[in-house]
Amino acid sequence: MRVGVDTGGTFTDVVTEVGDVRKLPSTPRDPSRAVLAACAGLAPSELAHGTTVATNALLERRLGRVALVTTRGFADVIEIARQARPSLYDAHVDRPAPLVPRELRFEVAGRLDAHGVELEPFDGAVPDLGDVDAVAVCLLHSDLDPSHERAVAAVLRARGLDVVCSHEVSPEFREYERTVTTVADAALRPVCAPALGKLASMANKVLVMTSAGGLVPLDEATAHPARLLLSGPAAGVRAAAAVAVASGLPDAVAFDMGGTSTDVCLVRGGVPEPTASRTVAGLPVRLPSLAIHTIGAGGGSIARLDPGGALVVGPESAGADPGPACYGRGGAVPTVTDANLVLGRIPADTELPGFGLLDVDAARRALASAGVTADGVVAVVDAAMERAVRVVTVEQGIDPRDLALIAFGGAGPLHSCAIAERLDMRAVVVPARAGVFSAVGLLCSPEQRELVRSWGDPASRDGLAAARAALASDAVRLLPGGDVTSWLDCRYRGQSHELTVRDLDDFPAEHERRNGFARPDAPVEVVALRARVSRAAPLSVDDLVPVDRAPVTGPAVVAEPDCTVWIPAGWRAEPGPTGAWVVVRV
């Protein structure tokens, strides 16, 4: 039996291929405890897992002690970073501290030029790195020729050190981003390996979701944990795209509101929007990923008045322990869940798994003691989530009025109609099992691998077709029998940013969509080649046991086993394909 397990900040969710659902409180100090408890008695033959271990470790800086070995003269790239400032006019803003302190950055001889041609050989000498948990090796232009990195790694591995090389993780140009990504991968290994290793005995086959929306074997996930920084949310987006297509609404926004955060992602033509990099904890991680935008707005987000008297919600969360005040576990600060309970959007007799009956009086006391109102809390968090949807639509040249909102997560269906109303979106779709939908996505996601190669001469087309074919062949060797798709990273000559397109001919139209203009006479450069190979999951969202839903006209509160759905006045929910509700204005 195949089982999907998603570990969130508040709950750990389980869905089996026969449609069984379990929901338990997460155990943040040791996430594997909740996973083991949630799967007790199931004996899965195959386990698909979404994890927050890597994300939380990076956010909280609970990382291994890592040394950086780099080309002579480049030890400070990780600290110099980019010229761009996070807040141009704020004299007090600080950048995130580099992941490697200066005393653990070491330089070696050897150098390549910008075309990968050797200017100086590596002489075989690597300094003593001292007592470290792992080593990141990132040498200049090794995305074009990794021979120097391999030589350095051989010396270090002969000393018994755990080594990660940039060409193994992020073989792309831009030294700062490549260095940070490699260091993050190395620093996460000592934290993620023990946590993931506890899952090995749970099933004959354990797969882990990556940020790119595909499953990889447990050993690959353990080897490169930086690929897991959007593990759980990516699974939900995958399933949301499938439900959007089944509902006849292939252009949509996946809207996942859980206990700690809200994750949104654009879906076009039934395909989640990809990206080549993203920022996590203020640091650039240059790895293939779904273009998920995350904000600190969830059911557990704490409401308070700032020093100026303005109502603020999040990003701090009450989490699973103690949780919102209404959980009755000692929480005394008001949260979004408390506000929804006081407003009647969550029934007063609701009993949450592992927490018992909700305490509406405790929620009222928490709101009153903070000097905030339930209506105000909901209005502020709705405004924050509206801005998040605008980031993945309006700011990308997409009109949200042409899109549907696919609402899931434990709190998503409580707020989705308000968000859609603000943006005049076509419809809201609430999938079956919406409260555990990321676990559904894990069940129904493909095995997948992503490859990228730098193109050393951006202006040249010589050998480009052959290089694309070779990259596709490499991808198939990683996942035999999989389907391969390839792309190009392109830009106009003189630009410092790229767009990913299927072919060169697609670049002008995509540039105009994203930037509002095209330059028909300007030369187009290619800077990287990408390939994705995937093997379809053994079941789809349609294969799960259907959920029986009846039409509902708002205002109405519908309590389901895994979430609560709020349908405001002026909206009507009609049953749709795959057991989803399609909610539209009346």
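**Exercise 1. Work out which strands H6 lies across, and how the sheet beneath is ordered.**

Solution. Start with the helix: H6 lies across S5, strand S9 (134–138) and S10, and runs at about 165° to S9. Angles here go from 0 to 180 degrees between N-to-C directions, with axes fitted to C-alpha atoms, for helices over the stretch in contact (heavy atoms within 4.5 Å). Helices (H or I, at least four residues) and strands (E, at least two) are DSSP runs, numbered from the N terminus.

A quick note on the source: this is a predicted model, where local features need pLDDT of at least 70, side-chain atom pairs count only at pLDDT 80 or more, and totals for chains, interfaces and linings use all residues. Residues are numbered from 1 along each chain as its sequence is written, and side-chain values use heavy atoms, leaving out hydrogens and water.

Next, the sheet: it's open, has 4 strands in the order S6-S5-S9-S10, and pairs in parallel. Its edges are strand S6 (105–108) and strand S10 (163–165), each pairing on one side only. On average, neighbouring strands are turned by 25° against each other, direction ignored. Pairing takes at least two DSSP bridges between two strands; strand S5 (residues 66–71) and S6 have 4, and Thr70 has Glu107 as its bridge partner in S6.

**Exercise 2. Find the buried residues of helix H1 and say how they are arranged around its axis.**

Solution. Buried means under 20% relative accessible area, exposed over 50%, and partly exposed in between (1.4 Å probe, protein chains only). In H1 (residues 31–38), that picks out Pro31, Ser32, Ala34, Val35 and Ala38. Down the axis, these residues fall within an arc of 160°, so they line one face of H1; the arc is that of the directions from the helix axis to the C-beta atoms. What do they pack against? Partners include strand S1 (2–7), helix H2 (53–60) and helix H6 (175–197).

**Exercise 3. Trace the salt bridges of Glu120 and Asp76.**

Solution. The rule first: a side-chain nitrogen of Lys or Arg within 4 Å of a carboxyl oxygen of Asp or Glu. By it, the count is 41 salt bridges. Glu120 meets Arg72 at 3.5 Å, N to O. Glu120 sits in strand S8 (residues 118–120) and Arg72 in the loop between S5 and helix H3 (77–80), 48 residues apart.

Now Asp76: its partner is Arg102, with the closest N and O atoms 2.8 Å apart. Asp76 is in the loop between S5 and H3 and Arg102 in the loop between H3 and S6, so the pair ties together parts 26 residues apart in sequence. Asp76 is partly exposed at 30% relative accessibility, and Arg102 is partly exposed at 40%.
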